[in-house]
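The following exercises are to be worked with the sequence and the coordinates at hand. Each task is followed by a solution in steps.

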Amino acid sequence: MPITRRHLLTLAIAAPAVAAFAPSAMAATPEIYAEDGIAIDGTDAVAYFTEGAPIAGDEAITFDYMGATWRFASEENRDMFAADPTAYAPQYGGYCAFAVSKGATAPTAPDAWTIVDDKLYLNFSTSVRERWRQDIPGNIAAADANWPGVLG
């Protein structure tokens, strides 16, 4: 079958989405999703639980955990996190829960979040979060089975 312009256009459109969810063939992926060393885009992980919303952390109020710097909106939130990081840190190192359920890693957006059974789950986008929410128990089971193997 000859390759047409339509095939090339389809490939060009699909490639970024596929790349976002494809496991890296290069070096192992870090255990915590962090851009420039800052976990979950500088969002206060505790605020998801206490405020019910993503709140930007203050760059002056931080805590280092698992090789990443976590920012917090208040010293109280930082201290709560420091006392029990596993209670507040997002599942799967802050990578997209849906991607992990599919055997890959992807970055996350602070506004694409869900708390299930007192655990924070982040997703690539709000539209991906809607796909993840279609089968939360199944997606969590699949992601749990894939984690941390997806890190490479």
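For the first exercise, an axis is a line fitted to C-alpha atoms, for helices over the stretch in contact, and angles run from 0 to 180 degrees between N-to-C directions. The model is a predicted one.

**Exercise 1.** Determine how the axes of helix α6 and helix α7 are placed relative to each other, and which residues make the contact.

*Solution.* Step 1: locate the helices; α6 spans residues 126-133 and α7 spans residues 136-146. Step 2: consider their axes, which come within 7 Å and cross at roughly 100°. Step 3: classify the angle. Values from 65 to 115 degrees count as roughly perpendicular, and α6 and α7 are therefore roughly perpendicular to each other. Step 4: list the contact residues. Helix α6 contributes R131, W132 and R133, while α7 contributes I136, N139 and I140. Step 5: sort them by class, which gives three nonpolar, one polar and two charged residues.

**Exercise 2.** Establish which residues of α6 are buried and how they are arranged around the axis.

*Solution.* Step 1: apply the cut-off, under 20% relative accessible area. In α6, the residues V128, R129 and W132 are buried. Step 2: examine their directions; they cover an arc of only 105° around the axis, which puts them on the same side of α6. Step 3: recall the general geometry. An α-helix has 3.6 residues a turn, so residues three or four places apart point the same way.

**Exercise 3.** Describe the largest nonpolar core and the elements that supply it.

*Solution.* Step 1: count its members; this core has 19 residues. Step 2: identify those with the most contacts inside it, namely Y92, V100, Y121, W132, I140 and W147. Step 3: assign elements. Two or more residues come from each of α5 (97-101), α6 and α7, and α5 gives the most, with four. Step 4: follow one member. Leaving out residues up to four places away in sequence, Y121 touches Q91, Y92, A97, A112, W113, T114, V116, W132 and I140. Step 5: note that another core, of 17 residues, lies apart from this one and includes Y48, A68, F81 and L120.

**Exercise 4.** Is S101 buried or exposed, and which residues is it in contact with beyond its neighbours within four places in sequence?

*Solution.* Step 1: place the residue; S101 belongs to helix α5. Step 2: compare its relative accessible area of 8% with the cut-off of 20%; S101 is therefore buried. Step 3: list its contacts beyond those neighbours, which are N139, A142, A143 and N146.

Key
Residues are numbered from 1 along each chain as its sequence is written. This is a predicted model: local features need pLDDT of at least 70, side-chain atom pairs count only at pLDDT 80 or more; totals for chains, interfaces and linings use all residues. Side-chain values use heavy atoms; hydrogens and water are left out. Angles under 35 degrees count as roughly parallel, over 145 as roughly antiparallel, 65 to 115 as roughly perpendicular and the rest as oblique. Contact means heavy atoms within 4.5 Å. Ala, Val, Leu, Ile, Met, Phe, Trp, Tyr, Cys and Pro count as nonpolar, Asp, Glu, Lys and Arg as charged, and the others, Gly among them, as polar. Buried means under 20% relative accessible area, exposed over 50%, partly exposed in between (1.4 Å probe, protein chains only). The arc is that of the directions from the helix axis to the C-beta atoms. A nonpolar core is a set of buried Ala, Val, Leu, Ile, Met, Phe, Trp, Tyr and Cys residues joined through side-chain atoms within 4.5 Å.
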